[in-house]
Amino acid sequence: MRALIAFLIAVAAFGEAYAADLTVRVVGPDGAPIENAVVTFTPNGGASGPIRFSWPYQVSQHNLQFDPYILIVPVGAEVRFPNLDRVRHHVYSLSQANRFELELYGRDESRTHRFRQAGVAAIGCNIHDQMQAYIVIVDTPHVGRTNVGGSTLLTGVRGAGELRVWHPQLRTRGGAMVRAVTLSPTGMAQEHFQIQLRSAGGHAH
Ligand SMILES: [Cu+2]
């Protein structure tokens, strides 16, 4: 009996053992999968500890495009904007709280900007109107981007919190859908979102 109690205490202390994997699927009104939706889970009371992602915090300019189209970084991250083109670019964002401007700079030069507020920064180039990208600044480590099948997997999530789905063309106020969820202690959970996008080409900054 004493051994059993010790075992239970050990398991309870190991919070990770009680975290679940959450699959989120995002589809359109016709049920077709939607790619490039950014899904975050924020535990009530906020996430604790430093947030780090494995991918580079970088948006390059290459062939008159930004790469990647959507970059996810933790709040406070410094993002590099290397120019790999022969022409000059003038990168800016007018997004509230993450407004910035990197004046004209040329090939093989780079600039950086630190993003201090959670939210979305729509990025453009003053010279090339067709260049668009989005930087999603998050204050939770639980984030994913939907694949071609409309799915993403958030691992190690637990408890009650807010599930948020954002997409650059999402047709709703603030561009995001939010749902309160309570995750069961273990195993696999699933959430399903149906969203409506503005027609393709209807980009807005
Ligand atoms: Cu440009």
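This is a short walk through the fold of one protein chain, taken from a predicted model.

Okay, the overall picture. The chain is mostly a strand story: 16 strands and 1 helix. There are 205 residues, and 26% of them count as buried. If you take contacts between residues at least 6 apart in sequence, 65% join residues at least 24 apart.

Let me start with one sheet. It's an open one with 3 strands, in the order β13-β1-β16, and the pairing is mixed. On the edges you have β13, residues 151-157, and β16, residues 188-194, each pairing on one side only. Going from one strand to the next, the twist averages 20°. Now look at β1, residues 20-27: β1 runs antiparallel to β13, with 5 bridges between them. If you want a spot to click on, T23 sits opposite L153 in β13.

Next, the core. The largest nonpolar core has 34 residues, and the ones touching the most other members are V59, I123 and I135. Several strands supply at least two residues each, among them β1 and β13 from the sheet we just saw, plus β10 at 119-125 and β14 at 159-166. The biggest giver is β11, with 5 residues. So where does this core lie? Well, domain 1 is 15-47 plus 142-199, domain 2 is 52-139, and both give residues to the core, so it lies between them.

Last thing, zoom in on V59. Leaving out residues up to four places away in sequence, V59 touches F66, D67, P68, L71, V79, F81, I123, A133 and I135. Notice I123 and I135 in there: those are the other two residues I named with V59 for touching the most core members.

Notes
Residues are numbered from 1 along each chain as its sequence is written. This is a predicted model: local features need pLDDT of at least 70, side-chain atom pairs count only at pLDDT 80 or more; totals for chains, interfaces and linings use all residues. Two strands pair if DSSP finds at least two bridges between them. Helices (H or I, at least four residues) and strands (E, at least two) are DSSP runs, numbered from the N terminus. Axes are lines fitted to C-alpha atoms, for helices over the stretch in contact, and angles run from 0 to 180 degrees between N-to-C directions. A residue is buried if 20 or more other C-beta atoms lie within 10 Å of its own, exposed if 12 or fewer, and partly exposed in between; C-beta atoms are placed from the backbone. Two residues are in contact if their C-beta atoms, placed from the backbone, lie within 7 Å. A nonpolar core is a set of buried Ala, Val, Leu, Ile, Met, Phe, Trp, Tyr and Cys residues joined through C-beta atoms within 7 Å. Domain bounds come from an automatic or database domain assignment.
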